[in-house]
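Dear colleague,

I am passing on the structure that I mentioned, and below it I have set out what was found around the ligand and in one of the sheets. Please read the notes with the structure open beside them.

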Amino acid sequence: MSKTFKNYVNGEWVTSDSNETISSINPADNDDVLGLFQASTINDADNGIDSAYSAKKEWSNISQVERGNYLLNAAKYLENNSGKFADSITRECGKAILESRGEVGRAIALLQYYGIEGSNPIGDVVPSINPKILLYTKKIPLGVVSLITPWNFPLAIPIWKMAPALVYGNTVVLKPASATPLIATLIAEMWDYVGLPKGVFNLIVGSGSTVGERLINNPKVNAVSFTGSTNTGKDIAVKSAQNGNKFQLEMGGKNPVIVLPDADLNQAAEITISGAMKYSGQKCTATSRVIVVGDILEKFTELLVEKTKSLIIGPGIDEKSIVVPVIDKHSLDNIENMINKAIKDGAEIVHGGSKINEGFFDKGNFIQPTILSNVEHDSFIACEEVFGPVLSIISAKDYDEAIEIANSVQYGLSAAIFTKSLNLSMDFAERIEAGVIKINGETAGLEPQVPFGGLKSSSSGNREQGKAAIEFFTNTKTIYVDRSAT
Ligand code: NAD
């Protein structure tokens, strides 16, 4: 019998008035149900928002240093419970356990960073043209912020939103993806343990079309921070603009790697495959296209296949697994359909291409790591996000054509180049349309103390993480104090 978990509102664990639940299922073993979670209603969403609304005045009035201390205490809690969090991430979203431990480490680093940010300046003193005037700016909280998050980084993404939101004085309502409510519940337990004042953090589990929509449309909400697919994000942008709310959107990617003939091909292949196949390509920054320049195509394709053959496929809980199950059966079918469409469009499978159903694998959502060659740069598979372990090889006659191909899609999240040329590396950094750029590095993998976000349809432009987060989670007052009048 699975345990039933509750929403967290105004410091209390509460059930939904729907009397319905959502199950969280292990992607590696669909018989393993992690628990039942509230299928919340619009009324539940309103209760969460009311709670955040009631708490906002008191929370914004306490010292920023004190708010930071709550985050530092949360970081300690996470450190003390890191094994439980990592195991739960792996069980709930299928991630390889080493990567889950990495995600927990990243969440701790984010809480520490924004905890310390509690003691940092929150405005500027600026010279006035009148020496008698003290001219300064002050950052103020937005109020109630809705956080709508995806399943693929169920701990790090909510934390990288809520840590700056809270330290700068906002109160929040979190709606996690329906596939990963357990990790969100563990986050609520963390805030409960550290004694965050009632109503400052609220958790409402439920569908995007019910709870998600209400978290955007309720008039007491002042801003929405969303990470997820581009279609959902665009819809949220329209609704938020209509409500006059600030919005922050981080969305999909179709991240390219360009390989030049002078690169260390072995290293380039190793890193490209790591970016494409780890976590089965379910990272927004996963490598999805490799654009190979000149006459190295055949040799580089062989290297890619060789590296992929050595990857161990299995459940994330096994420390050796690199290629893990995808989130659910719907996603599995979608990936297979996209591969089939690519073949109809003229692509060739050089490795993988099929679901894995034998033995233990039948219980989970496994698909072979797949490499496609002969991919036209403007075909469906080369332009649309797959969110699975599928890498498309595209050939380019020279560097300029490779840049053109890389920039030809609607997305602009992350991109990498492999070359020994300093000049071309710097030229790439200038010309590539991406928010995250790696020179001789993997498209995936970020550090928390620097801004993160994409260009074009990958982002609304307001950066997350690092110092940049203050721009989204605060408003600015400019204050003129004229001493000559006193
Ligand atoms: P999704 O868009 O389906 O869902 C994201 C969240 O939005 C979920 O909580 C969902 O319930 C909610 N939602 C869905 N419809 C909604 C609506 N109409 N109104 C309000 N909320 C709604 O995305 P997903 O499948 O959970 O995540 C995968 C996607 O996220 C991929 O496209 C990936 O690239 C993207 N992603 C982007 C980043 C980034 O930082 N750029 C990071 C991780 C994932």
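How do the residues of the shell around the ligand divide into nonpolar, polar and charged? There are 14 nonpolar, 9 polar and 5 charged residues in that shell, where Ala, Val, Leu, Ile, Met, Phe, Trp, Tyr, Cys and Pro count as nonpolar, Asp, Glu, Lys and Arg as charged, and the others, Gly among them, as polar.

Please bear in mind that this is a predicted model, in which local features need pLDDT of at least 70 and side-chain atom pairs count only at pLDDT 80 or more, while totals for chains, interfaces and linings use all residues. Residues are numbered from 1 along each chain as its sequence is written, and side-chain values use heavy atoms, with hydrogens and water left out.

Of the 28 residues around the ligand (those with a heavy atom within 4 Å of it), Thr149, Lys175, Ser229, Met251 and Glu385 come nearest. An N or O atom in the side chain of Ser229 is 2.6 Å from an oxygen atom of the ligand, and a polar side-chain atom of Lys175 lies 2.9 Å from a ligand oxygen atom; both are polar contacts, that is, pairs of N or O atoms within 3.5 Å.

Two or more residues of the shell come from each of helix H7 (208–217), strand S10 (223–227) and helix H8 (230–243), these being DSSP runs numbered from the N terminus, with at least four residues (H or I) for a helix and at least two (E) for a strand. H7 gives the most, with 4 residues.

Elsewhere, an open sheet of 3 strands has the order S5-S6-S21, with antiparallel pairing, for which DSSP must find at least two bridges between two strands.

With best wishes

Terms used
Polar contact = N/O pair within 3.5 Å; in protein donor to acceptor, adjacent residues only side chain to side chain.
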